[in-house]
Amino acid sequence: MFHHPTCLIHPPGVPAFIETQFPIARLSAESYKERKANNGQTLTRLGKWWGRKPLILVRASILGMLMPASNNPKKDRQIYLKILTMDDAGTWDRCKLAMQRKTKRAAFDALPYAERITHCERPENVIGPTESAWAEINAHLGTSATRLPELIEQLGQRTFGHTPRVGDSFCGGGSIPFEAARIGCEAFGSDLNPVAGLLTWASLNLLGGGKEVREEVMRVQAAALQAADRQVTQWGIEHNERHERADAYLYCVEVKPEGCDYFIPLAPSWLVGEKSKVVARWRRVAGSDRLEPKIVVVSDTEKKSATVADSRAIDPFDVGRSWSVEALRGPEGLRHWTNDDVVPRPGDVFQERLCCIRWIDAEGKRRYAAPDAADLACEAKVLTLLRDRFAEWQREGFIPSKAIPESGDKTDEPIRTRGWTHWHHLFTARQLLTHGLLAEISEGLAKSRKASHAACLLGIGRMADWNARLSAWMFHKGNEKGNQVFYNQALNCHFNYSARPLEKLENTFSILSDVGRDTFSSKANVRLSDARDLCETCDLWITDRPYADAVNYHELGDFFLAWYDKQLAKAFPGWTPDARAELAVRGDGEDFRRSIVEIYKNLTRHMPDDGLRMVMFTHQDPAVWADLGMILWAAGLKATAAWTISTETEAAGIKQGNYVQGTVCLVLRKRAANVPGFLDKVYPLVEDEATDRLHAGTRRTRRAELQRRRLPTRRLCRRAQSAHPIR
Ligand SMILES: C[S@@+](CC[C@H](N)C(=O)[O-])C[C@H]1O[C@@H](n2cnc3c(N)ncnc32)[C@H](O)[C@@H]1O
């Protein structure tokens, strides 16, 4: 039983559940399952953001911070799991009917948890604990809840005297404010980046906005798609004379090296479809320096027919002859495209050509074909249509007009390797025409309807992520489609890529899949702000700050911001469509540390004395860990527990090496101002390191310093990874 079950005020000094225990094995399994759902995750449909935290982890953290620990830890754990439907009975209730029919309850309970939940709905997708579970929960906690928001309200009233207010100063894709609002907290989210702001706003106001808002958004988006489809059909740019409609366009870069009398179309493989057994072959045409594609069905697919490998262009008729791609770019590098370039100019080193179209007929039968004269005329028409609208669309913000920053870590690649200096260069003429058309129609339909306008902007952003010159063509079995631009955290330029016709973008543009049932009743606010300037007070701050140098949010976010730009300012008049890169927390040097200390100090000032902080932290480098110890100490905080949850799937580990697999959740409270030094029970380990850093400049050898540095932090990491709190 809770210490004072009848007491309405959470007594001071009583630790929160999360400061005593946390079911990390079950939570890791649930987080992993949520991540594995990929596009089935609740927030991913709104658009791309990097490093979204699993919603189940956020839910569990908030509940663990609000639920008081009693003197019966075993019972606490049972009740806590019951609330999350992660106890045995809750898991069985979440188990899908098909599995329930063929399995006995005892056999199901005997399975390891991670295996059991492969047959279950995720906790966020079920109604919650059953009536009898609520009876047990209420008896233990002295509450009278029948739904999660009621419990949250009662626990918040007891501890803080009001609905608990949860804030996140680095809200990114919105996981923390979204989940906080969904379970009944007042939620506050803020981020420097407008793309993050839009995603978070949409999570709260579109997903959580209630049936009416969602119905309106779905109606507006469907109408925009219909109008765009009518226009595309009338233009006749996606249909052919056989009454088929284009289903995919495949483009490639081509180059004419010195000493070669024809242009070589480049691709790492000319296998078009593994399952459909389609390949492209090239042949010479008398009197022309352009090769002609032949799209053929073969009995055995030839994966090796590459015309580019190991950064060398290969002669398709003589594989022994090849040219370094870097050398082809020339000693001065490529010509930099200007704003009005939408296709390469004659004379540019890299040309572009349409090399294959997949058609679909009224019966749904698909076939690949090389483009014929009519198709090439269609491409020319697309270019004319775009040029006719280009200036106006840029002025209105229906297509991007901004230049790509030259000095970025990630933005350098398109400029250096293709000469693409503006964000719109990352899209073919066809892609710009389709996206611009939808953006123009959407603005007309969504005028003065903020939710719909925001949804259409996000829809355009999603289209950009799936339909760009950076969308590589995938030939693999079961795929045979264009890939997402951000399948990793970079702007990768490929030699062959694909464009999607309008029909193939319908699902991408439509942000909501159904009317849904969520209406968040509590208050939720989103701001665009540097975390140093926030002045909102929250009872619980949960933050997941940028991880040293892992993701360049401001650079990658600009890919989307280029599309939102002027339209964002129309939908959100107070927001400046600028990532303010100079304020972004990044790097891992002295500046980074100083910014983080400043931000954490600011949040500590804006938290009541009985408030709690959680710092989610995802990095494996022990030196970064040690920095964190120093940062938290300097920000006036003391850690009361640390838990590691496996939040990343191995599939996400495109980058090997120090790619993170787990998230450490540090629980912190305010440190009394007059405590001298670093007296916290958890941090003596890190203190060594922090003290070292503070007295940097002493005369230790590099090796001795490294040894000193590693030992304590390694111990800390190890302990954080164990199933027990560091206490
Ligand atoms: C790790 S991400 C947060 C991910 C988020 N928790 C989620 O679940 O989607 C870190 C965020 O910090 C933001 N950021 C970087 N510098 C900032 C600053 N000075 N003030 C506010 N936000 C900042 C970045 O834009 C990025 O969205």
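A polar contact is a pair of N or O atoms within 3.5 Å, where, within protein, one must be able to donate a hydrogen and the other to accept it, and residues adjacent in sequence count only if both atoms are side-chain atoms. The model is predicted, so that local features need pLDDT of at least 70 and side-chain atom pairs count only at pLDDT 80 or more, whereas totals for chains, interfaces and linings use all residues. Residues are numbered from 1 along each chain as its sequence is written, and side-chain values use heavy atoms, with hydrogens and water left out.

**Exercise 1.** Find which backbone atoms make polar contacts with the ligand.

*Solution.* Begin with Ala531, which has a polar backbone atom 2.9 Å from a nitrogen atom of the ligand. Next, a polar backbone atom of Leu583 is 3.0 Å from a ligand nitrogen. Finally, an oxygen atom of the ligand lies 2.8 Å from a backbone N or O atom of Gly173.

**Exercise 2.** Compare the expected span of helix H11 with the distance between its end C-alpha atoms.

*Solution.* Helices are DSSP runs (H or I, at least four residues), numbered from the N terminus, and the expected span is 1.5 Å times one less than the number of residues. Because H11 has 14 residues (194-207), it should span 20 Å, and its end C-alpha atoms, 19 Å apart, agree with this. At the start of H11, a side-chain oxygen of Asn193 comes within 2.9 Å of the backbone nitrogen of Val195.

**Exercise 3.** Decide whether Arg366 is buried, partly exposed or exposed.

*Solution.* Buried means under 20% relative accessible area, exposed over 50%, and partly exposed in between (1.4 Å probe, protein chains only). Arg366 is therefore partly exposed, at 46% relative accessibility.

Note on methods. Helices (H or I, at least four residues) and strands (E, at least two) are DSSP runs, numbered from the N terminus.
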